[in-house]
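Open your viewer and get ready to click along. We'll go stop by stop, and at each one you'll hear what to select and what is there.

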Amino acid sequence: MDPVRKSVCVTGAGGFVASELVKLLLSRGQYAVRGTVRDPDADRETWECGTAFFLEVERSSRFFIKKGASKNAHLKVLEGAEERLQLLKADLMDYDSIASAVAGCEGVFHVASPVLSHRPSNPEVEVIAPAVIGTTNVLKACYEAKVRRVVVVSSCGAVYANPIYPKGKVFDEDCWSDEDYCRKKEDWYLVSKTLSEREALAFAAKTGLDVVTVCPSLVFGPLMQPTVNLSSEMILKYFKADLETVENVLSNMVDIRDVADALLLTYEKPEASGRYICSSHAIKISDMINILKTMYPSYPYPKNFVEDDVNSVYSSEKLQKLGWSFKPIEESLRDTVESYKAFGILN
Ligand SMILES: NC(=O)c1ccc[n+]([C@@H]2O[C@H](COP(=O)([O-])OP(=O)(O)OC[C@H]3O[C@@H](n4cnc5c(N)ncnc54)[C@H](OP(=O)(O)O)[C@@H]3O)[C@@H](O)[C@H]2O)c1
């Protein structure tokens, strides 16, 4: 007999974080997953990967390896996808498309949000509106559809950017980025994440909708698709010869598989509530590069480090108390590099 299927929706399913979550949900067997994408037909396109075009999908012992190909094809080859994954076209700014996607779902993971690699010419339209109005649209639709719980992916970007916070003090769930400060710095991503998370928690307080927010730090880890998202680019830059000198910042990082675990945990645990910081390693860039050098000595890593005194550290104690744990950084870095190699990204 079929196990009981619970319908859940993941917004922005083709993105870096959401793809890992979809994979985890499908692997559990009991979830039927609706993934929203802006362009469900994107798998008909062929994307350039390095200098070559590839079409076939391969599976290695460790990862699904899609060589080139398209935006959503990596989702369609996941185990269980044929029976239990449906991709639906939806845009965060189009309420009706979101409402159709979440109708009948027991749970919703709201992951989609603009993460741009370029400076927006109109930040209100390109970044802030899709994040904030998009979150309101998702929550309104969930409320109407009587969704049991919504897990909203926020960011440590909604936590740390506050000039009056004491230097060196550990950030926890009581910390919020200051909107005016982020606007002055023209960091529109931080503005968008701060406002959208505040909106999500305010909506929950106003309506009684069960909303949990999760704030990951810099997410890295093995790619499932050849398109490189912004946070993976931030790791990849250390492999490139053009960076002789880098700032030796204390980087707060978390493996994408641990983020997916955190999202599912906060969905499944009845006692989960409010906000959760999700960050596992605080590591100086020079220390990270030393680990990489030990495992992969031949890449042209940066040689010089300029010391930086911004040493922000995040506490994920609340999430750990809920049952969350994370991988050692060596394992995460190794799997990350292996996936880059498999896609030919490091060549
Ligand atoms: N990666 C990190 O280090 C990190 C850290 C903390 C928090 N986060 C959060 O994690 C989430 C996913 O980020 P990511 O790193 O996975 O980036 P990503 O790969 O760029 O994913 C972003 C997703 O949002 C979708 N999206 C953007 N605007 C949309 C709109 N108007 N309507 C519908 N979908 C829209 C994108 O769809 P298209 O594919 O159609 O563009 C894409 O699927 C975001 O909420 C981000 O703030 C990421």
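Which residues have the most contacts inside the largest nonpolar core? Select Val-10, Leu-21, Val-22, Val-108 and Leu-263, and you have them. The core they belong to has 80 residues. Now highlight helix H5, residues 123–144: this helix supplies the largest share of that core, 8 residues. Keep in mind as you click around that this is a predicted model.

Stay with Val-22 for a moment. Leaving out residues up to four places away in sequence, Val-22 touches Val-10, Ala-13, Val-33, Gly-35, Leu-75, Leu-78 and Leu-85. Show those side chains together and you can see the company this valine keeps. There is also another core, of 10 residues, lying apart from the 80-residue one. Its members include Leu-223, Leu-292, Tyr-301 and Val-337.

Let's go there by selecting Leu-292. You'll find Leu-292 in helix H10, which covers residues 285–295. Is Leu-292 buried or exposed? It counts as buried because 20 C-beta neighbours sit inside 10 Å, and 20 is the number needed for that label. Not counting residues up to four places away in sequence, Leu-292 touches Tyr-301 and Leu-333. For a sense of distance, put a ruler between the C-alpha atoms of Leu-292 and Val-214: they are 28 Å apart in space, and the two residues are 78 residues apart in sequence.

Next stop, the ligand. How many residues surround the ligand? There are 25, and the closest are Gly-12, Gly-15, Phe-16, Ser-113 and Ser-231. Try colouring by element: helix H1 (16–27), H5 and E9 each give two or more residues to this shell. H1 gives the most, with 3 residues. If you colour the shell by residue type instead, you get 14 nonpolar, 8 polar and 3 charged residues.

Pick Gly-15 out of that shell. Where is Gly-15 placed? Look in the loop between strand E1 (6–10) and H1. Gly-15 is buried, because 23 other C-beta atoms lie within 10 Å. Setting aside neighbours within four places in sequence, Gly-15 is in contact with Val-111, Ala-112 and Asn-229. Now add Met-224 to your selection. Gly-15 and Met-224 are 209 residues apart along the chain, yet their C-alpha atoms are separated by 9.7 Å.

Last stop: a sheet. Switch to the cartoon view and select E9, E11 and E13. These 3 strands form an open sheet in the order E9-E11-E13, with mixed pairing. E9 and E13 are the edge strands, each pairing on one side only. On average, neighbouring strands here are turned by 45° against each other, ignoring direction.

What does "mixed" look like up close? Strand E9 (residues 218–220) and strand E11 (residues 250–255) run parallel, joined by 3 bridges. Click on Leu-218 and you'll find its bridge partner in E11 is Met-253; for Val-219, the partner in E11 is Val-254. On the other side of the pairing, E11 and strand E13 (residues 281–284) run antiparallel, with 4 bridges between them. There, Ser-251 stands opposite Ile-283 in E13. If you turn on hydrogen bonds, here's the rule to remember: strands of a sheet pair through backbone hydrogen bonds, either parallel or antiparallel.

Key:
Residues numbered from 1 in each chain as written. Predicted model: local features only at pLDDT ≥ 70, side-chain atom pairs only at ≥ 80, totals over all residues. Pairing = 2+ DSSP bridges. Buried ≥ 20, exposed ≤ 12 C-beta atoms within 10 Å, placed from the backbone. Contact = placed C-beta atoms within 7 Å. Core = buried A, V, L, I, M, F, W, Y, C linked by C-beta atoms within 7 Å. Near = placed C-beta within 6 Å. Nonpolar A, V, L, I, M, F, W, Y, C, P; charged D, E, K, R; others polar. Axes fitted to C-alpha atoms, helices over the stretch in contact; angles between N-to-C directions.
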